Amino acid sequence: MANKQFDVIVIGGGPGGYIAAIRAAQLGFNVACVDEWKNAKGGPALGGTCTNIGCIPSKALLQSSEHFEHAGKHFADHGIKVEGLGLDIDKMLGRKDAVVKQNNDGITYLFKKNKITFFHGRAAFAKASGAGYELKVTGAAEESIEGKHIIVATGSNPRALPGADFDEENILSNDGALRIPSVPKKLALIGSGVIGLEMGSVWRRLGSEVTVLEALPTFLGAVDEQIAKEAHKAFVKQGLKIELGVKVGEVKSGKKGVTVAWTNAKGEAQTLEVDKLIVSIGRVPNTIGLNPEAVGLKLDERGAIVVDDECRTSLPNVWAIGDVVRGPMLAHKAEEEGVAVAERIAGQHGHVNFNTIPWVIYTSPEIAWVGQTEQQLKAEGRAYKAGTFPFLANGRARALGDTTGMVKFLADAASDEILGVHIVGPMASELISEAVVAMEFKASAEDIARICHAHPSLSEATKEAALAVDKRTLNF
Ligand code: NAI
């Protein structure tokens with residue numbers, strides 16, 4: 001029999017797992033969480049990919065690199081003279097690591113506050129047991145533990161390009177891309193998705209010559225076409241080289257850097273010699289070492305754990321959430337699933353609305369959206385009305401000196417219900433939440449148009465885009 005018994009054991013301490021553990025503890029369960037992530041000293045580093053090598057450190061570096069770019073290129077517009085501008089990359093990376101540690105420590109504190117038992121190690125299914133499931137924990141903590149309910153939140157790993165394995169020296173995943181020790185003169189990225197654009201932006205701002213090689217012929221295919229076009233224009237103007245419709249061939253890594261053979265959209269053979277290569281072609285669900293076979297837990301052909309709409313797996317009382325299951329690989333989607341599962345275990349009716357999950361790409365300009373794109377509505381044959389408002393006509397954006405982009409509303413032609421909101425521009429990541437709230441409440445575009453928005457604020461562009469649906473903008 002297992003030494004220690006719990007009502008709920010969460011495997012994985014990323015945003016899905018740690019939030020599930022907290023919510024389950026709030027609901028009165030005796031909860032354990034197992035996570036193996038180690039910090040530089042070998043101690044625990046709760047928060048998973050998001051906190052350690054994803055969302056949080058990338059935002060820290062995006063902020064630092066944006067300050068650098070502003071100081072070098074835009075302060076003069078404000079009448080601020082900068083002399084002797086320089087870069088201390090060690091300090092910049094050190095600050096990023098300190099931000100990560102604050103977040104790690106914050107989760108450790110939250111576990112103590114909520115009386116969650118933490119095991120620092122890797123959990124594997126051992127067997128089904130009388131009360132539930134027995135797990136074997138190996139690593140810093142060596143234990144056999146038993147849980148009535150198991151929540152698997154083991155996340156994902158970067159997808160490697162065949163023939164170009166990650167060495168995190170020359171060929172980098174999101175992990176290595178966040179700790180390049182000196183600014184590479186030339187940098188290539190394969191994949192112009194979220195990671196490619198965010199990391200490409202960081203290193204371009206710090207001085208790298210950046211080329212992005214994308215297999216698809218369209219730029220940001222999942223984004224509303226009009227918004228993607230505007231973003232593409234802005235990135236190219238900033239100096240990012242984006243090659244679409246490419247076929248990547250042989251990748252050779254040596255002492256001097258990396259050589260990438262590729263074919264452009266016209267079918268012409270090309271070679272790129274760079275100091276570093278970042279491969280950002282998506283992620284794969286992580287079940288390494290979980291031993292799902294021991295209990296007969298079903299995976300699909302992609303290696304994701306099979307779940308229903310409510311995160312129930314093929315086994316009773318085993319749940320799975322976040323990147324290891326279907327759906328977008330987003331921290332906030334995992335969190336919502338974690339809360340909903342904890343509530344379902346408690347007999348409540350947790351719910352996740354997949355139609356109102358916001359997406360954000362933290363480039364400059366930022367890109368954010370919720371709901372359907374114009375191309376999706378066209379493909380569905382749905383009758384809709386569109387309204388856009390440019391930041392160029394927004395007073396706050398002018399004062400900020402950041403007038404790139406627009407807000408775009410898509411509403412049902414008959415009922416005026418908001419079907420999608422798409423933003424490219426300053427603080428799109430913050431502005432999108434108004435649209436999410438509106439869509440959750442099934443608001444119409446007119447509802448937003450009739451709400452008082454503070455002046456001067458970027459959010460007025462949201463109100464104006466809602467007015468534009470009815471062709472009655474006031475400031476444009
Ligand atoms: P992604 O799915 O966003 O983009 C991958 C890109 O690589 C696609 O455009 C795809 O067409 C391209 N690609 C695939 N194979 C290729 C090949 N052989 N040659 C050239 N191009 C190829 O994946 P990414 O950027 O790696 O991010 C992984 C996950 O992490 C995503 O699901 C994303 O949602 C999440 N993430 C979210 C962030 C955010 O919310 N801000 C930030 C970073 C990552």
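**A tour of the ligand shell and an adjoining sheet**

Begin with the residues around the ligand: the shell comprises 13 nonpolar, 4 polar and 4 charged residues (Ala, Val, Leu, Ile, Met, Phe, Trp, Tyr, Cys and Pro count as nonpolar, Asp, Glu, Lys and Arg as charged, and the others, Gly among them, as polar). This is a predicted model, in which local features need pLDDT of at least 70 and side-chain atom pairs pLDDT 80 or more, while totals for chains, interfaces and linings use all residues. Residues are numbered from 1 along each chain as its sequence is written, and side-chain values use heavy atoms, without hydrogens and water.

Select the 21 residues that surround the ligand, each with a heavy atom within 4 Å of it. The closest are Ile195, Glu198, Glu214, Gly282 and Val360.

Next, display the backbone of Gly282, where an N or O atom lies 2.9 Å from a ligand oxygen atom. At Ala215, a backbone N or O atom is 3.1 Å from a ligand nitrogen atom. The protein buries 77% of the 850 Å² that the ligand exposes when taken alone (Shrake-Rupley method, 1.4 Å probe).

Colour domain 2 (171–281) and domain 3 (356–469): both give residues to the shell, so the ligand lies between them; the bounds come from an automatic or database domain assignment. Helix α6 (194–205) and strand β18 (359–361) each supply at least two shell residues, and α6 gives the most, with 3. Helices (H or I, at least four residues) and strands (E, at least two) are DSSP runs, numbered from the N terminus.

From β18, follow the open antiparallel sheet of 5 strands, ordered β18-β19-β22-β21-β20; strands pair if DSSP finds at least two bridges between them. Its edge strands are β18 and β20 (384–390). Finally, select β21 (406–412) and β22 (418–425), paired over 6 bridges; Val407 stands opposite Ile423 in β22.

How values were computed: A polar contact is a pair of N or O atoms within 3.5 Å; within protein, one must be able to donate a hydrogen and the other to accept it, and residues adjacent in sequence count only if both atoms are side-chain atoms.
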